[in-house]
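Hi,

Here is the structure I said I'd send over. Have a look first, and my notes follow underneath.

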Amino acid sequence: LLTGIIKAADLCNVIRPFGTARRWGLKLISEFFHQGDWDRLLISSQEGHGQIDVNFDRHACNVVAGQLYFLEKMALPLY
């Protein structure tokens, strides 16, 4: 029960009012993209070995598709 409560709290942004959820979602995406930028720098310094996760790559990520996937596959089944 406690594990379920913690998981629900972790994913609770999807049930907040839209304005609040949007602000937090944009902050999270920004954090992901910053991580991808760092990954790109590290990969380029290692002569191109490795690959950036598409969710962290600001040049390849489809934010809308990613959000829909998250809602359908993770949040909806939980709630």
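**What's in it**

The buried residues of helix H2 are Ala21, Gly25, Ile29, Phe33, Gly36 and Ile43. Part of what covers them is H3. H2 itself runs from 18 to 45, and its 28 residues reach 40 Å from the first C-alpha to the last, close to the 40 Å expected at 1.5 Å a residue. Just after H2, glutamate 47 takes a positive phi of about 60°.

Bear in mind that this is a predicted model. The average pLDDT for the chain is 90, and 99% of the residues score at least 70. Confidence is highest in H2, with a mean of 92, and lowest in H1, at 88.

Now the pocket. The largest one has a volume of about 970 Å³. It is lined by 31 residues, and the closest to its centre are Gly25, Leu28, Ile29, Gln67 and Phe70. Two of those names, Gly25 and Ile29, also turn up among the buried residues of H2.

Which helices each supply at least two residues of that lining? H1 (2-10), H2 (18-45) and H3 (63-78) do. H2 gives the largest share, with 12 residues. Sorted by class, the lining has 21 nonpolar residues, plus five polar and five charged.

So H2 is where I'd start looking: the model's confidence is highest there, and the largest share of the pocket lining comes from H2.

Cheers

Terms used:
Residues are numbered from 1 along each chain as its sequence is written. This is a predicted model: local features need pLDDT of at least 70, side-chain atom pairs count only at pLDDT 80 or more; totals for chains, interfaces and linings use all residues. Side-chain values use heavy atoms; hydrogens and water are left out. On a 1 Å grid over the protein atoms alone, a cavity is a set of points where a 1.4 Å probe fits but cannot get out, and a pocket is an open set with protein on both sides within 12 Å along at least five of seven lines; lining residues have an atom within 4 Å of a point. Grid points are joined across faces, edges and corners, and a volume is the space filled by probe spheres set on the points. Helices (H or I, at least four residues) and strands (E, at least two) are DSSP runs, numbered from the N terminus. Ala, Val, Leu, Ile, Met, Phe, Trp, Tyr, Cys and Pro count as nonpolar, Asp, Glu, Lys and Arg as charged, and the others, Gly among them, as polar. The expected span of a helix is 1.5 Å times one less than its number of residues. Buried means under 20% relative accessible area, exposed over 50%, partly exposed in between (1.4 Å probe, protein chains only). Contact means heavy atoms within 4.5 Å. pLDDT is the predictor's confidence in each residue, from 0 to 100.
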